[in-house]
Amino acid sequence: MNSDELPNVHFANEETAESDIGSAELAALQRTESRQVSCPVTPQRKTPASAPALPTPDTSLPPHSLDAERCVLSCIVGHGVSVPDNLTPDDFYDPKHADVFAACRSLHGRGEGVDEITICDELRRTGNLEYVGGAVYIGEICNAVEVTAHFEGWVKTVKDTACRRRSMVEANRLLKLLGDGGDPLAILQGIDRLKNHAYTFEADDDWEIKCGSDLNGKEIPMPPAILKNILLEGCIGVLAGPSKARKTFTLLDLALSVATGTKWMGCLDTVLLPTSTLYMNFEIPDGAFERRIQRTSQEKGLSSIPANFFYLPLRGKKCDLERDRAKIVRIIKQIGPKLVIFDPIYKALGNRDENKTGDVAEMLAELETICTEAGVALIFAHHYAKGNSSFKNDGERSSGSGVFTRYPDAIIEMVPHGKEEDAYIVKTVLREFKRIPPFCVRLRGPDSVTYVLAPDLDVTDAKGAKAPGVSGRPKKHDPQQIIDYLQSAGKPMTQEEFRVALPEIPRSTLQDYLKGLTALGQLERGEDKSYSLPQHTSMPESQE
């Protein structure tokens, strides 16, 4: 019999051996009874013989959506979307769909790929291939949808209709118990089961409400740090810089530093003990990338490339995080690294647009899921927007959507230095830690590709940075007046105090000067909105 032609049977009118059915029996009956049950029927009260009987409600098929079930299976089998953890075969109304999904879960549980061929092999192994319609039907499922953007919505539809069906089963049992004068304890248990099904329908399985009072007196440990005072395990970071700033060499330096427990760029502390790292290279040809690994290792003075440094050559291989997330998590769990590097991130966009907030947010959410599921820290490389970025605020220099720099937990920016070629000012914007004071780096030597600390360079001298208002015809005022006055005053000053002390500077120009000097790092703005000169200290050797 076709699944769309199931008989309309009221479960409440069927006889059962026991009035109190336990959870084990309920699970065994879900795939049969829930497909046969209609909307709960209100039991008729006993009436005098002269009174007309109450009409019996019309019957209908229980809630389901065969289209949503087919779309979910098509995304998994035909498009490589990861098997959702919150669905079970019993959630599917059509028994054929349930068997196909069960095969998907079996393959996923064994760490094997899920596609049209492997699903057919798995169904053949379990003896269900011909029952579901053979390889032809599996092919039809694969081609049921062309895009997977609505996958989560289809999953929710399948889950919600399954919860409604289970609620109806419990409701009918409860009505029968009430109509037959059943055991009060059994009635209460039935009410509890009905409430549980209703709650499952209302809330997602992976959402958990917690009570703040549970934190009283609780010692909450800080996650392990991958980069001391910068990046924690389970968090996302971004290294942003202009084109040809040797970002790949810089991230290779980071990966080898974490793998060997040494300092990054000669000054930033990594984990105390060496740990595995995985570098996912999307851009550099294999041979060129391997030469870069060798060269970086040699410049760091390593006797050999460590065995706990892994790399994944992906140039020429299209990556879609929505499709490949499960594969990436599986690879990470096999290797066991604590740091994963994506270089560059735009290669993982797939069909998304880096200028669209929604597209970028979806992609970075996939990265966040990878961090959570695999228990790693993740850093990706990103490029600056075109034009002079030196005068922009920290964390706002990257190209594309602003989500690229709002989403990560740690932003590390390389700003070209104004006095020396191939030297950079390194700035940070951090979520969990206080900002590290800006510091300068330069290449180790004329032919080097990695950076070391340059304490002799001025951290405020960014390339192309011009204070606002100094271009064009000569002015009667200069932003240097603000610096000079602060030095002579020896204390922080507010904007209003500057207006009184420097009346020759118009109000709007003064505001632009203060904003520009702060963006350049030549002033610091306090919580009380006062301005002061920064303490230009170089990055300490060990960040202690």
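Let's start in a loop: methionine 265 sits between helix 9 and strand 4. Its phi is positive, at about 55°, although this residue is not a glycine. Keep in mind that you are looking at a predicted model. The protein chain contains 16 helices and 13 strands, and 44% of its 544 residues count as buried. Among the contacts in the chain with a separation of 6 or more, 68% join residues that are 24 or more positions apart.

**Helix 9 and the loop after it**

- Helix 9 has 14 residues, and from its first C-alpha to its last it reaches 20 Å, close to the 20 Å expected at 1.5 Å a residue.
- Is this helix enclosed or open? Of the 14 residues of helix 9, 13 are buried, so the helix is largely enclosed by the rest of the structure.
- Glycine 261 follows helix 9 and has a positive phi, near 70°.
- Methionine 265, in the loop between helix 9 and strand 4, counts as buried because its relative accessibility is 2%, and the cut-off for buried is under 20%.

**The nonpolar cores**

- The largest nonpolar core has 41 residues, and Ile230 and Leu254 are those with the most contacts inside it.
- Which helix gives the most to this core? Helix 9 (residues 247-260) does, with seven residues.
- Which residues does leucine 254 touch, once neighbours within four places in sequence are left aside? Leucine 254 is in contact with Leu227, Trp264, Leu339, Ile341 and Ile379.
- There is also a second, separate core, made of 39 residues, including Phe342, Ile345, Cys371 and Val403.

**The nine-stranded sheet**

- Nine strands build an open sheet with mixed pairing, and their order is 5-4-6-7-3-8-9-10-11.
- Which strands stand at the edges? They are strand 5 and strand 11 (451-453); each has a single partner strand, so one side of each is left without a neighbour in the sheet.
- On average, and ignoring direction, neighbouring strands of this sheet are turned by 25° against each other.
- Helix 11 (residues 321-335) packs on the sheet, where it touches strand 4, strand 5 and strand 6 (339-343). The direction of helix 11 makes about 145° with that of strand 4.

**The parallel pair: strands 4 and 5**

- As background, strands of a sheet pair through backbone hydrogen bonds, and this can be parallel or antiparallel.
- Strand 4 (residues 277-281) and strand 5 (residues 309-313) take the parallel option, with five bridges.
- To find this pairing in the structure, look for tyrosine 279, which stands opposite tyrosine 311 in strand 5.
- Helix 10 (residues 286-299) joins strand 4 and strand 5 in making a right-handed β-α-β unit.

**The antiparallel run: strands 8 to 11**

- Strand 8 (residues 410-416) and strand 9 (residues 423-430) run antiparallel and are joined by seven bridges.
- Glutamate 413 has lysine 427, in strand 9, as its bridge partner.
- The loop between strand 8 and strand 9 holds aspartate 422, another residue that is not a glycine but has a positive phi, here about 60°.
- Is aspartate 422 buried or partly exposed? Its relative accessibility is 28%, so it counts as partly exposed.
- Strand 9 pairs with strand 10 in the antiparallel sense over four bridges, and tyrosine 424 stands opposite valine 441 in strand 10.
- Strand 10 pairs with strand 11, again in the antiparallel sense, over three bridges. Here valine 441 has leucine 453, in strand 11, as its bridge partner.
- Five of the five residues of strand 10 (residues 439-443) are buried, so this strand is largely enclosed by the rest of the structure.

**A cis peptide bond**

- Which two residues does a cis peptide bond join? They are aspartate 343 and proline 344, with omega at about -10°.
- Proline 344 lies in the loop between strand 6 and helix 12 (357-374).

Key
Residues are numbered from 1 along each chain as its sequence is written. This is a predicted model: local features need pLDDT of at least 70, side-chain atom pairs count only at pLDDT 80 or more; totals for chains, interfaces and linings use all residues. Side-chain values use heavy atoms; hydrogens and water are left out. A nonpolar core is a set of buried Ala, Val, Leu, Ile, Met, Phe, Trp, Tyr and Cys residues joined through side-chain atoms within 4.5 Å. Buried means under 20% relative accessible area, exposed over 50%, partly exposed in between (1.4 Å probe, protein chains only). Helices (H or I, at least four residues) and strands (E, at least two) are DSSP runs, numbered from the N terminus. Contact means heavy atoms within 4.5 Å. Two strands pair if DSSP finds at least two bridges between them. A crossover is right-handed if, with the strands pointing away from the viewer, the path from the first strand over the helix to the second runs clockwise. Axes are lines fitted to C-alpha atoms, for helices over the stretch in contact, and angles run from 0 to 180 degrees between N-to-C directions. The expected span of a helix is 1.5 Å times one less than its number of residues.
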